[in-house]
Amino acid sequence: QTCALPISSQVKIDFKFRQFEKELFSKSVVTADDVHGFQKDYGDFFRIFTTRIIRMPGTSDSAIAMGLNYFKNDTDIKVVYADVKKQYDDLTWLHQDFEDAFRNYKYYFPKKPVPQVVTYISAFNYKNIRLDSILGISLEFYLGADCIYYPSLNFPQYLTKHFTKDYIVTDCIQSLYQTDYEQNPTQSDLLSQMIYFGKMYYFSKQLTPDIDDTIRTGYTKKQMDWVIKNESKVWTVIIENKLLFSTDFSQYNKFIAEGNTTSGFPADAPAAIGKWIGYQIVKKYMNEHSEVSLDMLLNEKDSQKIFSESKYKPGK
């Protein structure tokens, strides 16, 4: 039994969901006054958007206004925005999905502020951003696996197959985890890597219990079937090759790296197979320790403790 899922409808949250791209493109001409309004409404997000995401040189309101007009009138950007608008004009469903996830977040972490979500267009620069109180989503990264832009931008196919609306919430929740719980650089063995990503999947599962694990892991249904069926074989390979506590990244990287498949395994085997094994270890640990809260799990730095106390042993 995992952590009991919260009755999230009873949790009150202060949650904002904004579509910056809509506000920006709805203005026929952006003025210095508009810039002042954006700064007031969007704070840090607007500053990061202009300085880092679309990298504007000017700092005065009028220089920023000029840069924004140049950006939104760019021929290519206009075409991309038209495609985004076609798919994502009404984001009521996404607002609701995030609200549900953040009710769960507030339940588990009552002291943490709920981030506001802002959508935008970044000219394919930043897919997701995380600031102190903001999660940003660049919508042109979610136009569908077969979108004509992606091959010309040299995005590998193993990434673009996830560039669909189904992955928006999961991507953001996982980026929230990775910025709030950074990897400990001193823990460079395979087990620590597996547990780190296993916690990420587990965290995501508690916040979005209705999202399927295929989306959480990025596996196809066929790959998920393979990994469930062959879990003990994968584990045997890790143990027999003495990789579990190995700190030789070049030896164990194939178990963590994203890609099409895990080298040395059949074609049906997914990539990053070690992350999935880490997820099974974390789930087993939480099943064995009903007294451990999600917060306690995420702050537990000792991967070896989690592993040994999980009593993890995949069945044949």
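Let me open with a question about one residue: does S310 count as buried or exposed, and at what relative accessibility? This is a predicted model, so what I say about S310 and everything after it should be heard as a description of that model. S310 counts as buried, because its relative accessibility is 0%, and the cut-off for buried is under 20%. The residue lies in helix α17, which covers residues 303–310. Its side chain reaches the backbone oxygen of F307 at 2.6 Å, and it also reaches the backbone nitrogen of Y312, in that case at 3.0 Å. If we set aside residues up to four places away in sequence, S310 touches I281, K284, Y285 and E288.

Let me turn to strand β4, residues 134–138, which is mostly covered, with 5 of its 5 residues buried. As general background, side chains in a regular strand alternate between the two faces of the sheet. In β4, I134, G136 and S138 point one way while L135 and I137 point the other way, and all of them are buried. On the pairing, strand β2, residues 116–120, runs parallel to β4 and is joined to it by 5 bridges, with T119 standing opposite I137. Strand β3, residues 128–131, runs antiparallel to β4 through 4 bridges, and there I129 has G136 as its bridge partner. The connection from β3 to β4 is a hairpin through 2 residues.

I137 also leads us to the core, since it is among the residues in contact with F98, together with F15, F17, V117, I168, V169 and C172, once neighbours within four places in sequence are left aside. The largest nonpolar core has 101 residues, and within it L68 and F98 touch the most other members. Helix α10, residues 190–207, gives the most to this core, with 11 residues. In general terms, nonpolar side chains in soluble globular proteins tend to be buried together.

That leaves the cysteines, and a last question: how many disulfides does a search of the whole structure find? The search finds 0. C147 is in no disulfide, and the nearest cysteine sulfur to its own, that of C172, is 18 Å away. Seen from the other side, why does C172 have no such bond? The closest cysteine sulfur, in C147, is 18 Å from the sulfur of C172 and therefore too far for a bond, given that a disulfide needs the two sulfur atoms within 2.5 Å. As for their surroundings, C147 is buried with a relative accessible area of 10%, and C172 counts as buried at 0% relative accessibility.

Notes: Residues are numbered from 1 along each chain as its sequence is written. This is a predicted model: local features need pLDDT of at least 70, side-chain atom pairs count only at pLDDT 80 or more; totals for chains, interfaces and linings use all residues. Side-chain values use heavy atoms; hydrogens and water are left out. Buried means under 20% relative accessible area, exposed over 50%, partly exposed in between (1.4 Å probe, protein chains only). A polar contact is a pair of N or O atoms within 3.5 Å; within protein, one must be able to donate a hydrogen and the other to accept it, and residues adjacent in sequence count only if both atoms are side-chain atoms. Contact means heavy atoms within 4.5 Å. Two strands pair if DSSP finds at least two bridges between them. A nonpolar core is a set of buried Ala, Val, Leu, Ile, Met, Phe, Trp, Tyr and Cys residues joined through side-chain atoms within 4.5 Å.
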